[in-house]
Amino acid sequence: AKYLKMENNFNFEKSPIYYYNKHRMSYKDIEKNLPWLYKKIDEILDDHPNENGIIHSVSYDLCMKIFSNVSAKNKKRLLVYSGSEEKQLVLNTLKTTKNKVVIGPSVLEGFDGFDNITRFIIFAKIPYLSLGDNFIKAKMNLNPLWYAWKASLAVIQGFGRGIRHKDDYCECYLLDGCFSDLFNSSRKSFPQEFINRIKVCDD
């Protein structure tokens, strides 16, 4: 398809993406890396006192594991939801309070977290679609590039929840080392502005 791209006037230097590439959250690796994940999320929450944020957990199971294993102080900040109505309620809470963090599997689109509503975003895991769904598995077998593209789009959209105008800013954290695989297979899916924001962290 042909398309026109407009020049971007956002200052993304204020919204870095800190990528931690040494700890993979794939099915076979996640259990051994969960202690590191809990510790890193605790550290990030401590680094953002009195600020609102979002944690993309990708699954409800991982959401509850994170909730159960962060410090007692940070657990008080976390807003967990189940279902679309409850999700909307906790997202609305970010608009009227501070020092709160929404954690869940589906805050990837449809939320305008501008300014102090969202000042940091964490991806605990790459949001691949579930291969437990037979339709998704069949479609991936027919077109593996589609499967990777959907995950790439979800990452881009998920980080975009907190940067809504040219003067906005939001620090972003990508904690799943599997992003390297996704990036290598879907390099063209990521805009150059997104790539320029990535800062690899040696931790």
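Here's a quick tour of this structure, from its sheet to its helices, its largest pocket and its salt bridges. Keep in mind that the model is predicted. At its heart for this tour is an open sheet of seven strands with parallel pairing. There's also a pocket holding about 400 Å³ of space, and a search of the whole structure turns up 13 salt bridges.

**The sheet**

- Going across the sheet, the strands come in the order 3-4-2-5-6-1-7.
- Strand 3 (78-80) and strand 7 (198-201) sit at the edges with a single partner strand each, so one side of each has no neighbour in the sheet.
- From one strand to the next, the twist averages 20 degrees.
- For a look at one pairing, try strand 5 (residues 120-123) and strand 6 (residues 171-174): they run parallel and are joined by four bridges.
- Ile-122 is a handy spot to look at here, as it stands opposite Tyr-173 in strand 6.

**Helices and what they touch**

- Helix 2 (residues 60-69) lies across strand 3 and strand 4 (101-104).
- Relative to strand 3, helix 2 runs at about 150 degrees.
- Helix 5 (residues 134-142) packs with helix 6 (residues 144-159) at an angle of about 120 degrees, and their axes are 5 Å apart.
- On the helix 5 side, the contact is made by Ile-136, Lys-139, Met-140, Asn-141 and Leu-142.
- Helix 6 brings Pro-144, Trp-146 and Tyr-147 to that contact.
- Sorted by class, the residues in this helix 5 and helix 6 contact are six nonpolar, one polar and one charged.

**The largest pocket**

- The lining of the largest pocket is made of 18 residues.
- Nearest its centre you'll find Met-25, Ser-26, Tyr-27, Ile-30 and Lys-125.
- Helix 1 (30-47) and helix 2 are the elements that give two or more residues to this lining.
- Nine of the lining residues are nonpolar, two are polar and seven are charged.

**Salt bridges**

- One salt bridge to look up is the pair Lys-22 and Asp-202, whose closest N and O atoms are 2.4 Å apart.
- This pair links distant parts of the chain, with the two positions 180 residues apart in numbering.
- Lys-22 is in the loop between strand 1 (17-20) and helix 1, while Asp-202 is in the segment after strand 7.

Methods:
Residues numbered from 1 in each chain as written. Predicted model: local features only at pLDDT ≥ 70, side-chain atom pairs only at ≥ 80, totals over all residues. Heavy atoms only, no water. Pairing = 2+ DSSP bridges. Axes fitted to C-alpha atoms, helices over the stretch in contact; angles between N-to-C directions. Contact = heavy atoms within 4.5 Å. 1 Å grid on protein atoms, 1.4 Å probe; cavity = no way out; pocket = protein on both sides within 12 Å on 5 of 7 lines; lining within 4 Å. Points joined across faces, edges and corners; volume = space filled by probe spheres on them. Nonpolar A, V, L, I, M, F, W, Y, C, P; charged D, E, K, R; others polar. Salt bridge = Lys/Arg side-chain N within 4 Å of Asp/Glu carboxyl O.
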